[in-house]
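Student: I have a new model open and would like to test the labels attached to it. Could you take me through the reasoning behind them?

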Amino acid sequence: MTTSGTPCRAATPLARRRFLTGVTAGAATLAVEGCARGSSTSPEPGTTSISNDNATWDEGYRSAGHALKKITGYALRPLSNPSVTSYQQVVQMTMQTSKATDLVKWASGYQLKRLARAGGLTDLSHVWDTYAAKGWVRGATRETVSYHGKVYGVPLYESYYVLFYSRPVFRKLGLSVPGSWAELLHCAEVLKRNRITPFLASQVGGWPAIEWFQEFVTKVDPRFYQKLVAGQASYLDAPARQAMGLWHDFMRKGWMTSPDFDQARGPGAIKAGTVGMFLHGTWQAQGMSAAGMKPGVDYGAFILPSVRSATPKSVITESGVFTVPARASSHTAAMSNVGAWLAPPVQRVWSDFLQDSSANPTVRSANPVVAQLQQDIIREHRLPLIRYWEASPPSLIQGNTDDLGGFMAGQTSPTTTLRRMQERAQDEWAAWRRDEA
């Protein structure tokens with residue numbers, strides 16, 4: 001996530017990536033000096049520097065760093081990039097130079113695979129194995145932080161995509177949390193009848209266009225989604241067409257906000273009762289509190305039901321990672337902090353700051369709404385699915401995200417959108433596999 005939880009901008013084309021990999025150290029220095037907010041990347045005794053793209057988390061890093069220092073002797077020193085669009089470029093330019101920070105915040109999945117493929121990252125497999133032996137990581141997430149069998153990232157957090165809702169509004173209208181698709185539709189109808197837009201849907205910033213796409217596809221058929229993002233199914237297959245049809249129907253009925261509705265206004269809209277439900281990552285709990293809402297009192301959250309009761313239950317899961325550049329100036333200190341990052345005392349501080357779920361499954365969220373979601377995921381044996389943004393080659397995801405934004409804006413039909421997405425998938429998967437050969 002970047003500012004307010006948005007993901008980093010997708011990768012540049014292949015030629016551009018190769019250019020960035022070979023950029024000179026002098027150009028990298030200029031980029032860092034122009035974009036990093038904080039002190040120098042030069043070593044400071046007793047600290048490890050973090051390159052990150054979300055200045056609003058700096059306080060949380062420092063607080064978690066205090067807990068880390070009690071274990072490792074090293075605190076955390078965040079260096080925030082104020083320009084979201086330049087963050088990935090700066091990281092790639094500095095990764096293999098003396099300007100590399102000790103730790104780098106990055107996305108998991110194919111975003112991490114792309115970075116690892118360029119070289120310059122430390123193999124963290126032994127750190128993962130130690131965590132696994134202690135039960136501090138979920139085995140199912142190993143693949144999302146690996147490249148060619150080696151682990152290159154330690155989970156930074158764990159968020160779930162859910163629908164936030166106003167408890168007072170639901171109570172006033174006699175609505176209960178929907179446990180089935182039919183009940184979800186009933187909630188939407190009642191909200192609309194009372195002049196409340198049922199769902200927030202946005203493409204502001206580009207990336208939010210993926211949210212409803214991934215939800216509709218996974219709630220139609222989560223196994224199909226796994227094949228789709230792995231390049232083993234087509235965007236023109238029946239489950240994808242059904243998902244887009246449902247989405248189109250929701251928009252046609254006026255159940256969704258205009259696509260230019262800024263998600264930053266989401267918590268305020270829920271509080272004011274102008275929007276009924278807000279699909280977003282559980283990290284948005286922090287924004288709900290900032291809007292003056294108490295968890296479990298003013299707002300709740302639930303996972304979107306499956307379209308058919310027989311469909312396996314699933315949940316979209318997002319996790320950023322910490323990576324360690326091989327040329328980090330304080331490499332030993334960085335490895336110490338990465339090795340202790342998921343320790344419960346550190347994660348309790350970090351999780352409390354985020355008001356979200358820890359990547360360590362033994363740490364329960366202090367936010368009662370998120371804690372209840374954690375219990376639901378375990379109780380219902382929900383299939384965890386990687387977020388669409390990290391699930392396939394970055395250039396494929398970026399192009400398809402743009403197409404989904406056009407669909408939301410009414411520029412293309414569901415069929416045309418899916419056709420364009422499939423054409424791009426064929427090209428980009430072929431390019432990715434050629435690069436792997």
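Student: What is the accessible surface of the protein, and how much of it belongs to carbon and sulfur atoms?

Tutor: Happy to start there, bearing in mind that this is a predicted model. The accessible surface comes to about 17,000 Å², and 51% of that belongs to carbon and sulfur atoms. As for the chain itself, 58% of the 437 residues are buried, and the secondary structure comprises 19 helices and 13 strands.

Student: What share of the contacts with a separation of 6 or more comes from residues 24 or more positions apart?

Tutor: That share is 77%. One pair of residues far apart along the chain is lysine 69 and asparagine 337: 268 residues separate them in sequence, while their C-alpha atoms are separated by 8.3 Å.

Student: Why does lysine 69 count as partly exposed?

Tutor: Its relative accessibility is 44%. Buried would require a value under 20% and exposed one over 50%, so a residue in between is called partly exposed. Lysine 69 belongs to helix H3, residues 58–72. Leaving out residues up to four places away in sequence, lysine 69 touches Gly46, Tyr74 and Ala75.

Student: How do you know that the span of helix H8 agrees with its number of residues?

Tutor: Helix H8 covers residues 181–193, which is 13 residues. The expected span is 1.5 Å times one less than that number, so H8 should span 18 Å, and its end C-alpha atoms are indeed 18 Å apart. Within H8, the buried residues are Trp181, Leu184, Cys187, Ala188, Val190 and Leu191.

Student: What makes arginine 195 exposed?

Tutor: Its relative accessible area is 80%, and the cut-off for exposed is over 50%, so the label fits. Arginine 195 sits in the loop between H8 and strand S8 (197–200). Its phi is positive, near 60°, in a residue other than glycine.

Student: Is histidine 381 buried or exposed, and how do you know?

Tutor: Histidine 381 has a relative accessible area of 68%; that is over 50%, so histidine 381 is exposed. Its phi is also positive, about 50°, although it is not a glycine. Histidine 381 is found in the loop between H16 and S13.

Student: Which residues touch the most other members of the largest nonpolar core?

Tutor: They are Phe199, Phe213, Trp247 and Met277, in a core of 60 residues. Helix H9 (residues 209–220) gives the most to this core, seven residues. Another core, of 45 residues, lies apart from it, with Ile50, Tyr87, Val127 and Leu354 among its members.

Student: Which residues is methionine 277 in contact with, leaving aside its neighbours within four places in sequence?

Tutor: Its contacts include Leu163, Phe164, Tyr165, Phe170, Pro198, Phe199, Leu200, Ile270 and Phe302. Leu184, Cys187 and Leu191 are also in contact with methionine 277, and these three are among the buried residues of H8.

Student: Which residues lie nearest the centre of the largest pocket?

Tutor: Ala140, Thr141, Pro384, Leu385 and Ile386 do, out of 34 lining residues. The pocket has a volume of about 780 Å³. Elements that give two or more residues to its lining include helix H5 (109–117), helix H10 (222–229) and strand S13 (383–386). H16 provides the largest share of the lining, with five residues.

Definitions and conventions. Residues numbered from 1 in each chain as written. Predicted model: local features only at pLDDT ≥ 70, side-chain atom pairs only at ≥ 80, totals over all residues. Heavy atoms only, no water. Core = buried A, V, L, I, M, F, W, Y, C linked by side-chain atoms within 4.5 Å. Buried < 20%, exposed > 50% of the residue type's maximum accessible area, 1.4 Å probe, protein only. Helix = DSSP H or I, 4+ residues; strand = E, 2+ residues; numbered from the N terminus. Contact = heavy atoms within 4.5 Å. Areas by Shrake-Rupley, 256 points an atom, 1.4 Å probe, with all protein chains shown as cover. 1 Å grid on protein atoms, 1.4 Å probe; cavity = no way out; pocket = protein on both sides within 12 Å on 5 of 7 lines; lining within 4 Å. Points joined across faces, edges and corners; volume = space filled by probe spheres on them.
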